[in-house]
Amino acid sequence: MSALSSAPKAIRPDRKKKSRHVHNALGLLTFVVMIFPVYWLIISALRPNAEIRSYDQTLWPSAVTFDNFGRAMDQANFGTAVQSSLIICVSAVVGAMVMATVAAYAIGRFRFAGRKLFMIVLILVQLLPPTAMLIPIYLQLNDLGALNEYWGVIVIYLVATLPFATWMIRGFVINIPKELEESAMVDGCGQMGAFWRVVFPLLAPGLAAASIYSLINAWNEYLLAYIVLQDNDKYTLNVWLANFTTSRGVDYGALMAASTLIAIPVVAFFMVIQKKMAAGLTSGAVKG
């Protein structure tokens, strides 16, 4: 008996550690697969144009050049395309955040007939692809005189992002204790006063998450802007990219450089609010 107890125990593999290594490897592989197109975009923007057209491609350019960026910014209507994108996207995002915040507060704080059905409809609306509604949208905008107008595109982007933004912010509203508002109202604030002074500052993470979602949708959209806007001096940046494709071919270097420039504002905005965005995504998923 003593001999058995004194025998060395068999060493069992650390399954937990092994599983962690497997998950880390899968995560690293996923990261490489997802980041490689972005890497290739930036590298192609820095390659000489002759090397881009070569069949012998390498992971790093033989020489780094910024001529592609110069040709991209010298392309006609670059300045007006930047202006159009900023006007449309900023207006759509701000408008969507204002309306979504008010709607989310009403849904999260008040009880009314059809509230649950309304929330279900908000999600179902997101299932409809914009291309399926392209003809009705075009006809309605034509009747309203909104074709070739900024406000027509702004309305489309605002309506497209409003349901999901409302649902996201609503999930954050219900996590804010009602007692905070009641305390403010006891101190003399009205319902709206309590909202602006107590609830609204606490909604910053939820607004950050919803705003980056709305900005990405509006900034990257191409088809609706191409259909509604008809003048070259009103095209957004994504529509303006078509200028690099001509009957003589495609200027890939300038196209990659222009695409890189277009991605910078969204990346910068995301870097500024990434902490609040992460908090908003997790906070809205805890309750309700």
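For this tour, Ala, Val, Leu, Ile, Met, Phe, Trp, Tyr, Cys and Pro count as nonpolar, Asp, Glu, Lys and Arg as charged, and the others, Gly among them, as polar. Keep in mind that you're looking at a predicted model.

**Stop 1: the closed space**

Rolling a probe the size of a water molecule over the atoms shows where empty space is left. Here the count comes to one cavity of 30 Å³ or more, and the volume of this largest cavity is about 50 Å³. To find it, select Ser-85, Ile-88, Cys-89, Tyr-157, Ala-218, Trp-219, Glu-221, Thr-236, Leu-237 and Asn-238, which line the cavity. Colour that selection by class and you'll get six nonpolar, three polar and one charged residues.

Now show the backbone. Helix 5 (78-109), helix 11 (204-220) and helix 13 (237-240) each bring at least two residues to this lining. Which helix gives the largest share of the lining? That's helix 5, with three residues.

**Stop 2: the open space**

Next, centre the view on Met-133, Ile-137, Ile-156, Val-159 and Ala-160: of the 22 residues lining the largest pocket, these lie nearest its centre. The elements giving two or more residues to the pocket lining are helix 6 (115-126), helix 7 (134-144), helix 8 (150-173) and helix 11. Pick out helix 8, since you'll see plenty of it here: it gives the most to the lining, eight residues. About 600 Å³ of space lies in this pocket. Apply the class colouring again and the lining divides into 17 nonpolar, four polar and one charged.

**Stop 3: helix 11**

Helix 11 turned up in the lining of the cavity and in that of the pocket, so give it a view of its own. Its 17 residues reach 24 Å from first C-alpha to last, close to the 24 Å expected at 1.5 Å a residue. Is helix 11 largely enclosed or largely open? Twelve of its 17 residues are buried, so the rest of the structure largely encloses it. To check by eye, select the buried ones: Pro-205, Gly-206, Leu-207, Ala-208, Ala-209, Ala-210, Ser-211, Ile-212, Ser-214, Leu-215, Ala-218 and Trp-219. Two names on that list, Ala-218 and Trp-219, are also in the cavity lining.

**Stop 4: the salt bridges**

Side chains of opposite charge can pair when their charged atoms come close. How many salt bridges does the structure hold? Three, so switch to sticks and take them in turn.

- Start with Glu-51 and Arg-47, whose closest N and O atoms are 2.8 Å apart. Both residues are buried.
- Move on to Arg-71 and Asp-251, with 2.8 Å between the closest N and O atoms. This pair links distant parts of the chain, 180 residues apart: Arg-71 is in helix 4 (residues 67-74), and Asp-251 is in the loop between strand 2 (249-250) and helix 14 (252-283). With a surface switched on, Arg-71 is partly exposed at 30% relative accessible area, and Asp-251 is partly exposed at 22%. The cut-off for buried is under 20%.
- Finish with Glu-181 and Arg-109, which meet at 2.4 Å, N to O. They too link distant parts of the chain, 72 residues apart, with Glu-181 in helix 9 (residues 178-186) and Arg-109 in helix 5. Glu-181 is buried, at 3% relative accessible area. Arg-109 counts as buried because its relative accessibility is 10%.

Conventions: Residues are numbered from 1 along each chain as its sequence is written. This is a predicted model: local features need pLDDT of at least 70, side-chain atom pairs count only at pLDDT 80 or more; totals for chains, interfaces and linings use all residues. Side-chain values use heavy atoms; hydrogens and water are left out. On a 1 Å grid over the protein atoms alone, a cavity is a set of points where a 1.4 Å probe fits but cannot get out, and a pocket is an open set with protein on both sides within 12 Å along at least five of seven lines; lining residues have an atom within 4 Å of a point. Grid points are joined across faces, edges and corners, and a volume is the space filled by probe spheres set on the points. Helices (H or I, at least four residues) and strands (E, at least two) are DSSP runs, numbered from the N terminus. The expected span of a helix is 1.5 Å times one less than its number of residues. Buried means under 20% relative accessible area, exposed over 50%, partly exposed in between (1.4 Å probe, protein chains only). A salt bridge is a side-chain nitrogen of Lys or Arg within 4 Å of a carboxyl oxygen of Asp or Glu.
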